[in-house]
Amino acid sequence: MQLYTAAQTRELDRLAIEEYGIPGIHLMSRAGQAAFLSLLQQWPQPERLHIFCGTGNNAGDGFVVAQLAQARGLPVTIYQLGDAGRIKGDALLARRFAERAGVEITPWNHTPELERGVIVDGLLGTGFSGEPSPPYAAAIAAIGASNLPVLALDIPSGLCADSGAVTGAAVRADRSVTFIARKRGMWTGAGPEYCGQIEYCDLEIPAEIFSRVKSQSALLSLEALLAELPRRRRDAHKGQFGSVLVIGGDTGMGGAVLMAAEASARCGAGLVSAATRRQHVSALLARRPEVMARGVRNGRGLKQMLEAASVVVAGPGLGQSPWSEQLLHAAVASGKPLVVDADALNLLAQGRVAPNTRRDNWILSPHPGEAARLLGSDVASVQLDRFGAITELQQRYGGVVVLKGAGSLIAGPDGQILLSRYGNPGMASGGMGDVLSGVLAGLLAQHLKPLTAACLGVCLHGRAAEMAASRGERGLLATDLMEPLQNLLN
């Protein structure tokens, strides 16, 4: 499922109108109809509709919704923001239709009665970026203060369609109906929080139009990715499914290396080893005796374990001590395929690993804070442009990069950015990243290509968290994902 920028969506719209001869008012009418049906599906008997309209085509969709509501006998009011004299083209035509239908249109005066019913947001649309001007910001604040359910037309006002960033006031919708193309910012960053449930309608434009506008982003499907895993032969043996070595667990952080190792095993790696501080070995073996755990004093102690490994995970609980740095140096120098996470990323950002930190056979999996350190930036800048940040990370460090967070992004060397829509806020707890690093390594060990392993691993991890949260998101633990991971892979 391809994702598009606002500019690409405008080009799709232009092609439909100018080259395929679909009148713009027809597309606007289809959008309004789709939104109105979606509204009635969610709220079958609204007491009243409060439709907020600006002066662009997004407002035109709102005018169509108002006309349909009026024809159905629903009480409806349009609150007009901006100079109505600036409305033109198809939006102006839609407004005139609403006026002829007898819809009440009143200028926004900061004091509407928003006590009952459903709000429809048709204020700004996909072309907007930055901070809304004061009148629009005041309207958005009133919408939020009403505590009424909200349907957003195309995209919630104030949310950037390209990045998923919110830099000022923005509408929090319960449901968003997006038209023609899926806008990439709706699925990452602040997008999931502000969009609510997302419904997509292509407005019946010809499918060949989409081949004319090349998208560099797409939503991933776990079901399709699972099909990439080959069936295991009946005469299979452990040597065919790789050997994962997890390096980490500095003093006081033994649980991290354990969770990564167990996740690799649960995801099907043939053998799993762990190199950690000596004091963590007994606890690790007591929890998961299938993991071959060894205490190591320095990087030289890793030599045999690295030679036996087909994939290495560096970072879970690694710390940033001289011991940590020695182990990471040894892992990088081995040339083995790497999954790099947590403090291994921080050491990398500090230039404490090697002079040449670009390579093809690793997966880096930073959260926004780690990404900021790798880029010499800050978290706010990363979150304002997650697509730009992951592109820069991949170009600078090579391999495959996973930028974690709501709507995790995956970038490989081909320039495409893939997005996982799986997961929930319960994943905001310690150890989730350690589990993911183990999942990624376990899939790499089974001979999946790095980009495929990253895409499947991120989606698998998120979906497992959704399953594990059947009793609620609050209090979800990283180790709760182990059983769902195995279930999903089988």
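Here is a short conversation about the sheet, helices, cysteines and cores of this predicted model.

Student: Before we start, what should I know about the model and its numbering?
Tutor: Happy to help! Residues are numbered from 1 along each chain as its sequence is written, and side-chain values use heavy atoms, leaving out hydrogens and water. The model is predicted, so to speak: local features need pLDDT of at least 70, side-chain atom pairs count only at pLDDT 80 or more, and totals for chains, interfaces and linings use all residues.

Student: Which strands are the edge strands of the open sheet?
Tutor: Strands here are DSSP runs of E of at least two residues, and helices are runs of H or I of at least four, both numbered from the N terminus. Two strands pair if DSSP finds at least two bridges between them. The 12 strands follow the order β8-β1-β10-β19-β18-β17-β16-β15-β14-β11-β12-β13, with mixed pairing. Pairing on one side only marks the edges, β8 (182-183) and β13 (292-295).

Student: Which residue in β19 stands opposite Ala411?
Tutor: Strands β18 (residues 409-411) and β19 (residues 417-419) run antiparallel and are joined by three bridges. Across from Ala411 you will find Ile417.

Student: At roughly what angle do the axes of α8 and α16 cross?
Tutor: Axes are lines fitted to C-alpha atoms, for helices over the stretch in contact, with angles from 0 to 180 degrees between N-to-C directions. Contact means heavy atoms within 4.5 Å, and Met259 and Ala263 are among the α8 residues that meet α16. The axes of α8 and helix α16 (residues 432-445) come within 7 Å, and the crossing angle is roughly 35°.

Student: Why is Cys53 in no disulfide with Cys201?
Tutor: A disulfide needs two cysteine sulfur atoms within 2.5 Å, and by this rule the count is zero. Cys459 is in none either, with the sulfur of Cys455 nearest at 6.7 Å. For Cys53, the closest cysteine sulfur, in Cys201, is too far for a bond, at 19 Å.

Student: Which helix gives the largest share of the largest nonpolar core?
Tutor: Such a core is a set of buried Ala, Val, Leu, Ile, Met, Phe, Trp, Tyr and Cys residues joined through side-chain atoms within 4.5 Å; buried means under 20% relative accessible area, with a 1.4 Å probe and protein chains only. This core has 57 residues, and Val244, Val435 and Leu460 are among those touching the most other members. Its largest share, 10 residues, comes from residues 450-468, helix α17.

Methods:
Buried < 20%, exposed > 50% of the residue type's maximum accessible area, 1.4 Å probe, protein only.
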